[in-house]
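Please read the following questions slowly, with the model open beside you. Try each one yourself before you turn to its answer.

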Amino acid sequence: MEHIIMSVNQILGRLALGSLFSVLAACGGGGDGGDDDKSGASGQSLNVAGTWDIAETKGSNNCGDPVGEKTLYSVAIQQNGNSLQLQTEGGQVFNGSIQTDTVQWTGSYPEEGGITTLNELKVTVASDAKSLHGSSSWTWAQGSQSCSGTTEVSGTREAS
């Protein structure tokens, strides 16, 4: 089971980075040189498109994995209004959303002969849209076997 959870963390990270890459590709350049990443006074959502370097730290779990183990990865995010598409380095794609400064996504994917389900991944993005922090909860199942746990997530956005 330890290998299974490690893979989940790696996949989550890669998903996040892939999404960020997609967002950067979709949003491209342009603009007036101002800080377009910040939320306006009207409460609009932050622009989180781009590539993010993510660090995950394993939290409590009933899979036998060591708490505190860290995994580093990158995700690419594409953004269209409040809708997000995240893509991992491995090509896994997840859909999510942003409301002001809170990013969330869920999804399932095959792993180690079973299915890993992200019950919730929720992070808060800093007001300058250059860093994020939050957590995820997940469940892995194969037939009648299952285990679950949590992961702490932090990240920084790569300069574009």
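Q: What is the handedness of the link of C63 and C147, right-handed or left-handed?
A: In this predicted model, a disulfide joins C63 to C147, with the two sulfur atoms 2.1 Å apart. The angle about the S-S bond is 105°. With that angle, the link of C63 and C147 is right-handed.

Q: How many residues apart in sequence are the parts that the pair C63 and C147 ties together?
A: A disulfide is a covalent bond between the sulfur atoms of two cysteines. A search of the whole structure finds one disulfide. Because C63 lies in the loop between strand 1 and strand 2, while C147 lies in strand 8 (residues 145-157), the pair ties together parts whose separation in sequence is 84 residues.

Q: Is C147 buried or exposed?
A: A residue counts as buried when its relative accessible area is under 20%. The partner C63, with a relative accessible area of 8%, is buried. C147 has 2% relative accessibility, and therefore C147 also counts as buried.

Q: Which residue forms a salt bridge with E69?
A: The structure holds one salt bridge, and in it the closest N and O atoms are 2.7 Å apart. E69 lies in the loop between strand 1 (50-61) and strand 2 (70-80) and its partner in strand 1, so the pair ties together parts that are eleven residues apart in sequence. E69 is partly exposed, with a relative accessible area of 24%, whereas the partner is buried, with a relative accessible area of 2%. That partner of E69 is K58.

Q: In which order do the eight strands close into a barrel?
A: The pairing in the barrel is antiparallel, and neighbouring strands of this sheet are turned by 30° against each other on average, direction ignored. Strand 1 pairs with strand 2 over eight bridges, and eight bridges also join strand 1 to strand 8. The eight strands close into the barrel in the order 1-2-3-4-5-6-7-8.

Q: Which residue in strand 8 is the bridge partner of N61?
A: Strand 1 and strand 8 run antiparallel. On the pairing of strand 1 with strand 2, D53 stands opposite S74. For N61, the bridge partner in strand 8 is G149.

Q: Which residue in strand 5 is the bridge partner of G96?
A: Strand 4 (residues 93-99) and strand 5 (residues 102-111) pair in the antiparallel sense, and four bridges join them. In strand 5, the residue that partners G96 is W105.

Terms used
Residues numbered from 1 in each chain as written. Predicted model: local features only at pLDDT ≥ 70, side-chain atom pairs only at ≥ 80, totals over all residues. Heavy atoms only, no water. Salt bridge = Lys/Arg side-chain N within 4 Å of Asp/Glu carboxyl O. Helix = DSSP H or I, 4+ residues; strand = E, 2+ residues; numbered from the N terminus. Buried < 20%, exposed > 50% of the residue type's maximum accessible area, 1.4 Å probe, protein only. Pairing = 2+ DSSP bridges. Axes fitted to C-alpha atoms, helices over the stretch in contact; angles between N-to-C directions. Disulfide = S-S within 2.5 Å.
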